[in-house]
Amino acid sequence: MQKPPNGKKNRIKTFLSALGPGLITGASDDDPSGIATYSQAGAQFGLATLWSALLTFPLMAAIQEMCARIGMVTCQGLTTTIRDNYPKPVLYLVLFFTLPAVVLNIGADIAGVGAVANLIFPAVPPVYFTAGFTIILMALIIYLPYQKIASVLKYLCLFLLLYLVVPFLSKQNWGSILHHTFIPTIHFNKEFIGILVAILGTTISPYLFFWQATMEAEDIQHKKRKLVVNKRVIQKMGWDIDVGMLFSNLVMYFIILTAGTVLFNAGVHKIDTVEQAAKALEPLAGKLAYFLFAAGVIGTGFLAIPVLTGSISYMLSETFGWDSGLDKKYYQAKPFYIVIIVSLIIGLGINYIGISPIQALIYTAILYGVTSPVLIALVLHISNNKKVMGEFTNGRLSNILGIITLVMMTAAALVLLYFQFF
């Protein structure tokens, strides 16, 4: 007689196994640098930016679904598709702005993880943590096969659930929270518009477009049976994307909520780094809130940094025709893994050459801001191209949301450049 399944544990395992690259992409968007941005939004403006989580969810989901569909239909990464269908200068221009931004992002995330680990274990200097984490990540990425990496990344997503707990550790005014969630507040000044631009840039990041398309293509290649792409498969993929992006925006919402109620109400209005956010929480919300927030940062660092390094490596490998794939062993795809190693070393090195994590984030935001509108326009064009997509081109809703995203990201880029240089 067959034993009944082990209840709750089995349900979680089944749920996670049903989810694919969409969950990992969404969760990796809430990296330590993103957490710093959301914490600053809450600390500086209280609950005034809570509504932005509702705005970014459909836009983010629409663009990531297009990227996933491109990867699924073409069985190629986004870089390969751009390379094969557009003039080479277009691809090189995108890489020119995207690659430095991703490396700076890696540097900021490594610094954030090291600094927060130092808060938990103050006897150990942050420099040892940053170097240690970098070596551990390097070893895991090189030696673990793709399926193991995908499983590890999925379970690291659970760290983000910590942020859904933190706001409930202090007293909340739920009437005010609901008001700011559904009724937008906008202040027409440089600081408020600047934080909205930062939130947009953090949630709709160009490296995620490349990662999503490539992971969908790799996921198909790793199926035991040959997968026939049809409407049912596309719908299932869309569900995975929606869950991942909803998860990402839910975490963003709760981080803004935590900072907006605990820090803002206590008069803490300036947060530059994740360790400042964690440290400020301790006397205000207690040791448990502080520890959960810090542990979440470390977990998200381990989740996001492999995605960032993998994105860089896939972009360069597809551009130059190198053998690539997290399923391959080191000797089978040396250039692919060398790029991952070098990007981790440069990211670590950024912390020792005088560029602070905050400077790295500012430069990252500017470079992402410049490339996002160009990439979104390319994604829209590809996903409406019947020669590439066949019968799986965009529907009306996808195009509407895509155009809204393009307009908003273009406006955000112009505002960001204006604030930085004028």
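These exercises work through helix packing, salt bridges and two threonines in a predicted model.

**Exercise 1. At what angle do the axes of H6 and H7 cross, and which residues make the contact?**

Solution.
- Step 1: Locate the helices. H6 covers residues 88-120, and H7 covers residues 126-143.
- Step 2: Read the geometry. The two axes come within 8 Å and cross at roughly 125°.
- Step 3: Classify the angle. Angles over 145 degrees count as roughly antiparallel, and 65 to 115 as roughly perpendicular. The crossing falls in neither range, so H6 and H7 are oblique to each other.
- Step 4: Give the hand. H6 and H7 cross in a right-handed way.
- Step 5: List the contact. H6 supplies Ile110, Ala111, Val113, Gly114, Ala115, Ala117 and Asn118. H7 supplies Pro126, Phe129, Thr130, Phe133 and Thr134.
- Step 6: Sort by class. The contact of H6 with H7 holds eight nonpolar residues, four polar ones and no charged ones.

**Exercise 2. How do H4 and H16 pack, and is their crossing left-handed or right-handed?**

Solution.
- Step 1: Locate the helices. H4 spans residues 52-74, and H16 spans residues 357-383.
- Step 2: Read the geometry. Their axes lie 10 Å apart, at an angle of about 50°.
- Step 3: Classify the angle. Under 35 degrees would be roughly parallel, and 65 to 115 roughly perpendicular. The angle fits neither, so H4 and H16 are oblique to each other.
- Step 4: Give the hand. The crossing of H4 with H16 is left-handed.
- Step 5: List the contact. From H4 come Ile63, Met66, Cys67, Arg69 and Ile70. They meet Ile376, Val379, Leu380, Ile382 and Ser383 of H16.
- Step 6: Sort by class. Eight residues in this contact are nonpolar, one is polar and one is charged.

**Exercise 3. How many salt bridges does a search of the whole structure find, and which residues form them?**

Solution.
- Step 1: Count. The search finds two salt bridges.
- Step 2: Take the pair in H4. Arg69 and Glu65 meet through their side chains, with N to O at 2.8 Å.
- Step 3: Place this pair. Both residues lie in H4, four residues apart, or about one turn of the helix. Both are buried. Arg69 is also among the H4 residues that meet H16.
- Step 4: Take the other pair. Asp84 bridges to Arg83, and their closest N and O atoms are 3.2 Å apart.
- Step 5: Judge the exposure. Partly exposed means between 20% and 50% relative accessible area. Asp84 has 45%, so Asp84 is partly exposed. Arg83 has 23%, so Arg83 is partly exposed too.

**Exercise 4. Is Thr81 buried or exposed, and what does Thr81 touch?**

Solution.
- Step 1: Place the residue. Thr81 sits in helix H5, residues 78-85.
- Step 2: Check the area. Buried means under 20%. Thr81 has a relative accessible area of 1%, so Thr81 is buried.
- Step 3: List the contacts. Residues up to four places away in sequence are not counted. Thr81 then touches Ile70, Thr74, Gln76, Tyr86, Ile382 and Val388.
- Step 4: Link back. Ile70 of H4 and Ile382 of H16 also appear in the contact of Exercise 2.

**Exercise 5. Where does Thr309 lie, and is Thr309 buried or exposed?**

Solution.
- Step 1: Place the residue. Thr309 belongs to helix H14, residues 287-320.
- Step 2: Check the area. The relative accessible area of Thr309 is 0%, so Thr309 is buried.
- Step 3: List the contacts. Leaving aside neighbours within four places in sequence, Thr309 contacts Ile106, Ile141, Ile340, Ser343 and Leu344.
- Step 4: Add a distance. Thr309 and Ala213 are 96 residues apart along the chain, and their C-alpha atoms are separated by 15 Å.

How values were computed:
Residues numbered from 1 in each chain as written. Predicted model: local features only at pLDDT ≥ 70, side-chain atom pairs only at ≥ 80, totals over all residues. Heavy atoms only, no water. Axes fitted to C-alpha atoms, helices over the stretch in contact; angles between N-to-C directions. Helix = DSSP H or I, 4+ residues; strand = E, 2+ residues; numbered from the N terminus. Left-handed = near helix turned anticlockwise from the far one by under 90°. Contact = heavy atoms within 4.5 Å. Nonpolar A, V, L, I, M, F, W, Y, C, P; charged D, E, K, R; others polar. Salt bridge = Lys/Arg side-chain N within 4 Å of Asp/Glu carboxyl O. Buried < 20%, exposed > 50% of the residue type's maximum accessible area, 1.4 Å probe, protein only.
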